[in-house]
Amino acid sequence: MTGKGVLLVGPSGTGKTALAYAIARELGKDTPFTVINGSEIYSTELKKTEVLMQAVRKSIGARIKQVRPVYQGVVKDLKVKVGRSRINPYAVMPREVQITLATKDDERTLSVGEEVAAQIYQQGIRKGDVIWIDAETGRIVKEGRAKSFEGAKSYDIEVERLVDIPAGPVRTQKEISFTVTLHDLDMNFAAQKLSFGLMFGLFTEREISDDVRRSVDEWVKEKINQGIAELIPGVLFIDDVHMLDIEAFSFLTKALESDLSPILILATNRGLTKIRGTDVESPHGIPLDLLDRLLIIQTKPYSENEIREIIKIRAEELDVAIDEAGIEELTKIGAQTSLRYAIQLIEPASIVAKRNGRQIITAEDVRYAAGLFMDVKKSINYVKEYESLMLK
Ligand SMILES: Nc1ncnc2c1ncn2[C@@H]1O[C@H](COP(=O)(O)OP(=O)(O)O)[C@@H](O)[C@H]1O
Ligand SMILES: [Mg+2]
């Protein structure tokens, strides 16, 4: 799907935004997902195309694998020597730690200095934890609690993950992988350049230069060729895409063609309308050459049955109980006004019910709550009725 796009088209409140978020959840937390609203590109500080470019770069990840020398094992013993902190003479800090790590086959006692000792302290590492320490940087990562480790205190409720004690030597090589976005890398590369720039008084950048982006792309491609990195195309979701103008659209069309491009999900509730920045009318206010590259999905207003289902799910999520008649009342309101309005009434209705000393929301509570607020239609009627009294 990389380099392709999806356009969600449908009236307001038909679940376009909800669908895009659902897709993001399905993709998992390692897949970059960026949300912007079409109107966000008109910021005063950055160029429109820069805002879009950053959004595109935030939506592409690189998973980088590294083989690192580490010490691993279960913490068998921990001896801490404390001393006064150098920064605050009244505080006592761990100065030096002797830590004994054991695997199924090996055991080793290491002496570690202040920085590593501080991490042990901060992460609350104790006997029976399975950890690894990066041999070069001293970074400690806790994997979890060892299953049935003798001599370790265990609690009835352990919130931590239970893991096996590793096998093999304590000092070993470990493959570590982490995911960064191209935007993270851009910022990182730009910061490195910046430190030179600062020396020569060239501090101007808020926008990342093409040069920096080119070096990042080259760097990533090189790592991919070496088999160290893997590209993870993510998703860029642009809501209210009709807010973009002609320049922004041509930027997107071009971005879709590049070999580093995310999956684009666009959403709009507009029909035939003018493309911003032109006098040309086009479906959804999107230029035809971009439309041509998109898969168009229609969302339709929910039926009464669907509204009822969604309200039930929402009530469950909000952890409130509503009786049958209450659900029916909300469904009726949802069908007559809007689903969003009906959903928003659940919480006030729940407060009304509680005030009346009830745990379960009834139809009466829903009607009372609905009487306190206005939906869009009521609000428009109200404004019309009192037009002459309002400030213009
Ligand atoms: N399938 C669904 N399941 C649960 N809630 C939904 C579903 N579809 C829409 N909603 C809820 O209905 C409301 C309107 O949906 P939304 O996605 O914002 O519509 P749109 O973006 O098309 O205007 C939101 O509060 C959303 O969470
Ligand atoms: Mg929406």
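Which residues does T253 touch, not counting residues up to four places away in sequence? I looked this up in a predicted model, and the contacts found for T253 are D289 and L290.

**Entry 1: T253**

I placed T253 in helix 6, which spans residues 246-257. I then asked how exposed T253 is. There are 16 other C-beta atoms within 10 Å of T253, so I recorded the residue as partly exposed; the partly exposed class lies between 12 or fewer (exposed) and 20 or more (buried). I also checked a pair separated in sequence: T253 and L291 are 38 residues apart along the chain, and their C-alpha atoms are 9.3 Å apart in space.

**Entry 2: domains**

I noted the division of the protein chain into domain 1 (1-59 + 234-301), domain 2 (66-177) and domain 3 (304-382). Taken over C-alpha atoms, the centres of domain 1 and domain 3 are separated by 32 Å.

**Entry 3: ligand 1**

I listed the surroundings of ligand 1 and found 14 residues, of which G15, K16, T17, A18 and I310 come nearest. Helix 1 (16-27), helix 8 (304-318) and helix 10 (339-355) are the elements that give two or more residues to this shell. Sorted by class, the shell holds five nonpolar, seven polar and two charged residues. Which domains supply at least three residues each to the shell around ligand 1? I recorded domain 1 (1-59 + 234-301) and domain 3 (304-382).

**Entry 4: the five-stranded sheet**

I traced an open sheet of five strands with parallel pairing, in the order 2-11-12-1-15. Strand 2 (33-37) and strand 15 (294-298) form the edges, each pairing on one side only. From one strand to the next, I noted an average twist of 20°. Within the sheet I examined one pair in detail: strand 11 (residues 235-239) and strand 12 (residues 263-268) are joined in the parallel sense over four bridges. I238 has L266 of strand 12 as its bridge partner.

**Entry 5: helix 9 against helix 11**

I examined the packing of helix 9 (residues 324-336) and helix 11 (residues 363-372), whose axes come within 7 Å and cross at roughly 35°. Helix 9 contributes A325, G326, E328, E329, L330 and I333 to the contact, while helix 11 contributes A363, D365, V366, R367 and A370. What is the make-up of this contact of helix 9 with helix 11 by class? I recorded six nonpolar, one polar and four charged residues.

Notes: Residues numbered from 1 in each chain as written. Chains lettered and ligands numbered in written order. Predicted model: local features only at pLDDT ≥ 70, side-chain atom pairs only at ≥ 80, totals over all residues. Near = placed C-beta within 6 Å. Nonpolar A, V, L, I, M, F, W, Y, C, P; charged D, E, K, R; others polar. Domains from an automatic or database assignment. Pairing = 2+ DSSP bridges. Axes fitted to C-alpha atoms, helices over the stretch in contact; angles between N-to-C directions. Contact = placed C-beta atoms within 7 Å.
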